[in-house]
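I open this notebook to record what I looked up, working outward from a single helix to the cores and then to the empty spaces.

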Amino acid sequence: MTKNIFDKVQLSSGQTFENRLVMAPMTTQCSYHDGSVTDELVQYYSLRAGGPAAVIVESTFIDNYGRAFEGALGADTDDKIPGLKKLAAGIKNKGSKAIIQLYHAGRMGTPELNKGRQPISASNIAALRDNAAEPRTLEVEEIEEIQLFADAARRAIEAGFDGVELHGANTYLLQQFYSPHSNRRDDEWGGSRENRLRFPRRVTEKVRETAVKLNKRDFIIGYRFSPEELEEPGIDFDDTMYLLNHLADYTIDYFHFSTNSWQRTSIIDTEDEQLLLEKYLDNAGDKLKEIPIMGAGGIKSVEDAEEAIGSGFDLMSVGKAHLINPDFVDHLKNNELPKSLLAEGDDEKLTIPAPLWNILGFLKEK
């Protein structure tokens, strides 16, 4: 059966996406210094809600010492709930599902961002980037970050969000525990691929248990993943399929590729021209095939969206186009897309927060 961009998509939790397009999580860096929601953030997301089936709110830290960047949004304490309520309501009142992405930076954090604290990770292996701090290895009895994810999910539920997206991509903590580069442990949390899977599996379990305990069985849980790592040893696509096929045993509503183009091929074997999407479809087990797969990157027109969905994705997350055009999905539906460049004054007209506007030079008119 041919899939249409504006088909409804049924999720395993019981919720329904009204179409196949969602607003991608994009960092705005405009929260208060403690991670609380600002009015500017509410306005930014509210303006872009209504067209996409869901709005995925940017990466939100679960631990005050687990930030990856300045101006980050937080769900680490209960005093964040009132602000998060305003944010969720602003999105839902327009008709989109409100989903918030949860992360811990792990070794991608820095002491400067986290009140002087040394970053933590699965092992004390620094990230392969300039000036990366050596992280402290979490002791077995310290692996409470699992509960921190569950606590943040509980706050999201109390704030009225429809779901969470677990950020297992971009080399953050969930990915660090699964990666053979960042996880050199020799206990039950590392070593074999099965052991390295334990942390993301337990996080997923605990978040679902939290939703059930709060009588929110229809709470959406998505999982974002980076399909490969350039590090050696690192995650290859076979590792990724092992991860996803095992996580499919739990109530996951969608899996979300973290790429800059839905047409991504291998970054490890650059001579391999097969799309990672095709590899995914070839290697997905029966349970995984039942879970919607979300692509990302490169959707600027009706033709782009139709090609991506026709190639095998069930959902597409759209980032830059939603920045430029808050009514992107509605205009896409009516085939009335305006110009795709930003001009002076658009930051106010489009309620683009100042920190984000300052890094959008690649989209501005010259």
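**Entry 1: helix H1.** I began at the end of helix H1, where the helix is followed by Gly50, a residue whose phi is positive, near 110 degrees. I keep in mind that this is a predicted model. Going back into H1, which spans residues 39–48, I found Leu41, Val42, Tyr44, Tyr45, Ser46 and Arg48 buried. What covers these buried residues? I listed strand S3 (21–23), S4, strand S5 (73–74), helix H2 (81–92), H10 and helix H13 (354–357) as included in that cover.

**Entry 2: the nonpolar cores.** I then turned to the largest nonpolar core, which has 91 residues, and noted that Phe161, Val164, Phe199, Phe255 and Tyr280 are those with the most contacts inside it. Helix H3 (residues 145–158) provides the largest share of this core, namely six residues. There is also a second, separate core of twelve residues, and Val22, Ile99, Ile220 and Met294 are among them. I took Phe161 for a closer look: residues up to four places away in sequence not counted, Phe161 touches Val57, Leu84, Leu87, Ala88, Ala98, Ile99, Ile100, Ala156 and Phe219.

**Entry 3: Arg154.** Next I looked up Arg154, whose place is in helix H3. Is Arg154 buried or exposed? Arg154 counts as buried because its relative accessibility is 19%, and the cut-off for buried is under 20%. With neighbours within four places in sequence left aside, I found Arg154 in contact with Asp78, Ile81, Thr210 and Leu214. For the first of these partners I also noted the separation: Arg154 and Asp78 lie 76 residues apart in sequence, while their C-alpha atoms are 9.5 Å apart in space.

**Entry 4: cavities.** I went on to the enclosed spaces, and the structure holds three cavities of 30 Å³ or more. The largest cavity contains about 60 Å³ of space, and its lining is made by Gly168, Leu174, Gln175, Tyr178, Tyr223, Phe225, Ser226, Ile235, Thr240 and Leu243. Which element gives the most to this lining? Helix H4 does, with three residues, although H4 (173–178), strand S10 (220–225) and helix H6 (237–247) each supply at least two. By character, I recorded six nonpolar, four polar and no charged residues in the lining of the largest cavity.

**Entry 5: pockets.** Last came the open spaces, where I found about 950 Å³ in the largest pocket. This pocket is lined by 40 residues, and Met26, Val318, Gly319, Lys320 and Leu323 lie nearest its centre. Strand S4 (54–61), strand S13 (315–318) and helix H10 (320–324) each supply at least two residues of that lining, with H10 giving the most, four residues. I noted again that S4 and H10 are both included in what covers the buried residues of H1. The lining of the largest pocket divides into 19 nonpolar, 15 polar and six charged residues.

The second largest pocket holds about 250 Å³ of space. I listed its lining as Asp63, Tyr65, His104, Arg117, Gln118, Ile120, Arg136, Leu138, Glu142, Glu144, Glu145 and Leu148. These residues of the second largest pocket divide into four nonpolar, two polar and six charged.

Conventions: Residues are numbered from 1 along each chain as its sequence is written. This is a predicted model: local features need pLDDT of at least 70, side-chain atom pairs count only at pLDDT 80 or more; totals for chains, interfaces and linings use all residues. Side-chain values use heavy atoms; hydrogens and water are left out. On a 1 Å grid over the protein atoms alone, a cavity is a set of points where a 1.4 Å probe fits but cannot get out, and a pocket is an open set with protein on both sides within 12 Å along at least five of seven lines; lining residues have an atom within 4 Å of a point. Grid points are joined across faces, edges and corners, and a volume is the space filled by probe spheres set on the points. Ala, Val, Leu, Ile, Met, Phe, Trp, Tyr, Cys and Pro count as nonpolar, Asp, Glu, Lys and Arg as charged, and the others, Gly among them, as polar. A nonpolar core is a set of buried Ala, Val, Leu, Ile, Met, Phe, Trp, Tyr and Cys residues joined through side-chain atoms within 4.5 Å. Buried means under 20% relative accessible area, exposed over 50%, partly exposed in between (1.4 Å probe, protein chains only). Contact means heavy atoms within 4.5 Å.
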